[in-house]
Amino acid sequence: MDCTQLALYTPPIHQEMLISTMEYHFENLSRPLIKISQCLEPGSGVGGAQWNAGLVLARYLSKEIQIKTGKSIELGCGLGLISIVLSIMGFQVTATDGNYALLNWTRRNFEANLNDSDRWSIEHLIWGENEHIREKSLEEWDLIVGADVLYGEYASMIAFINTLISLSRSETKIYVAQQIRYPDSEEIFLNELKKSFEIEIIKNEEFPNIVIYKLAKINIPA
Ligand SMILES: C[S@@+](CC[C@H](N)C(=O)[O-])C[C@H]1O[C@@H](n2cnc3c(N)ncnc32)[C@H](O)[C@@H]1O
């Protein structure tokens, strides 16, 4: 992650970035209080803060997902909030990110919020590196999630979509939350997604500039 990518972000509310531990209450969870330590150290990149798109998707999934078992994978997990919520709901979760420095911090958040009986793992995964996905047997998921993962850069979009394609089958439920910062590049992202996925767009009232894309892989005959 370089400084150019970082500059493309609108940061979360400034005061919130300075709070070392954020507390979130999820009324639908058996363990409703989740504490997320933010990592403000150099090297954590943009994933060291909790982003609103991640919070919006975590809240949505905690309310809307009916089948709460199976295997989930999160791409660009940052501090791990969404996977922590899914784990408490009953999923066997794998949280992934391309930033090694951040993954140690994610692990701390998992250990602080999850029980011994919760089934979770954390993996290093860079989008588009499909050989790496195969090596680690990171295939065949029931649920794939990601929040605030794209910053208007075409190569990243394509790499991200290729990873979604590699990890999914037509039954896989996929949810990607995006804060719309660059409407033109979001349009390009949607057009690229449409080549391989059916898309439902879910809006929310609290953060009107954040949308959730619910995706289903199209079965393309070989
Ligand atoms: C803005 S943060 C969002 C973090 C978290 N999902 C949230 O909502 O708070 C974007 C995350 O994507 C990760 N990321 C960016 N590019 C990536 C890539 N090419 N492969 C894997 N992870 C990447 C970053 O390390 C960072 O954790």
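This tour moves through a predicted model, from the whole protein to selected helices, strands and residues.

**The whole protein**

Begin with the entire chain in view, coloured by secondary structure. Eight helices and nine strands make up the protein. Of its 222 residues, 38% are buried. Among contacts between residues at least 6 apart in sequence, 67% join residues at least 24 apart.

**Helix α3**

Select residues 52-64, which form helix α3. From first C-alpha to last, the 13 residues of α3 reach 18 Å, close to the 18 Å expected at 1.5 Å a residue. Helix α3 is mostly covered, with 10 of its 13 residues buried. The buried residues are Ala53, Gly54, Leu55, Val56, Leu57, Ala58, Arg59, Tyr60, Leu61 and Ser62.

Next, show what surrounds the helix. The buried residues of α3 pack against two kinds of element: the helix α4 (81-89), and the strands β1 (21-25), β6 (143-147), β7 (173-179) and β9 (210-217).

**The ligand shell**

Keep α3 displayed and add the ligand, which is surrounded by 22 residues. The closest of these are Gly47, Gly54, Gly76, Gly78 and Gly98. Gly54 also belongs to the buried set of α3. At least two residues of the shell come from α3, and at least two from α7 (154-167). Sorted by class, the shell holds 11 nonpolar, nine polar and two charged residues.

**The nonpolar core**

Now hide the ligand and select Leu57, Leu81, Ile82, Val85, Ile144 and Ala177. These residues have the most contacts inside the largest nonpolar core, which has 56 residues. Helix α3 contributes seven residues to this core, the largest share.

**Helix α4**

Select residues 81-89 for helix α4. Because eight of its nine residues are buried, α4 is largely enclosed by the rest of the structure. The buried positions are Leu81, Ile82, Ser83, Ile84, Val85, Leu86, Ser87 and Ile88.

Centre on Ile82, a residue of α4. Is Ile82 buried or exposed? Ile82 is buried, since 30 other C-beta atoms lie within 10 Å, against a cut-off of 20 or more. Beyond its neighbours within four places in sequence, Ile82 contacts Gly54, Leu57, Ala58, Leu61, Glu74, Cys77, Val145 and Ala147. A distance label can be placed between Ile82 and Arg59: their C-alpha atoms are 8.5 Å apart, with a separation of 23 residues in sequence.

Then move along α4 to Ile88. Ile88 counts as buried because it has 22 C-beta neighbours inside 10 Å. Not counting residues up to four places away in sequence, Ile88 touches Leu29, Ser30 and Arg31. Ile88 and Arg119 are 31 residues apart in sequence, and their C-alpha atoms are 9.4 Å apart. After α4 comes Gly90, with a positive phi near 130°.

**Strand β6 and its partners**

Select residues 143-147, strand β6. Five of its five residues are buried. Which residues lie on each side of β6? Leu143, Val145 and Ala147 are on one side, Ile144 and Gly146 are on the other, and both faces are covered. In a regular strand, side chains alternate between the two faces of the sheet.

Add the pairing strands. β3 (residues 71-75) runs parallel to β6 and is joined to it by four bridges. β7 is also parallel to β6, with five bridges between them. Gly146 is a useful place to inspect both pairings: Leu75 is its bridge partner, and Val176 in β7 stands opposite Gly146.

**Ala177 and Asp148**

From β7, select Ala177. Leaving out residues up to four places away in sequence, Ala177 touches Ala53, Val56, Leu57, Ala147, Asp148, Ile210 and Ile212.

One of these contacts, Asp148, is the next stop. Asp148 lies in the loop between β6 and α7. Its phi is near 55°, a positive value in a residue other than glycine. Most residues other than glycine have a negative phi. Asp148 is buried, because 25 other C-beta atoms lie within 10 Å.

**The β8–β9 hairpin**

Finish with residues 197-203, strand β8, together with β9. The two strands run antiparallel and are joined by seven bridges. They form a hairpin with six residues between them. To check the register, display Lys203, which stands opposite Val211 in β9.

How values were computed:
Residues numbered from 1 in each chain as written. Predicted model: local features only at pLDDT ≥ 70, side-chain atom pairs only at ≥ 80, totals over all residues. Expected span 1.5 Å × (residues − 1). Buried ≥ 20, exposed ≤ 12 C-beta atoms within 10 Å, placed from the backbone. Contact = placed C-beta atoms within 7 Å. Near = placed C-beta within 6 Å. Nonpolar A, V, L, I, M, F, W, Y, C, P; charged D, E, K, R; others polar. Core = buried A, V, L, I, M, F, W, Y, C linked by C-beta atoms within 7 Å. Pairing = 2+ DSSP bridges.
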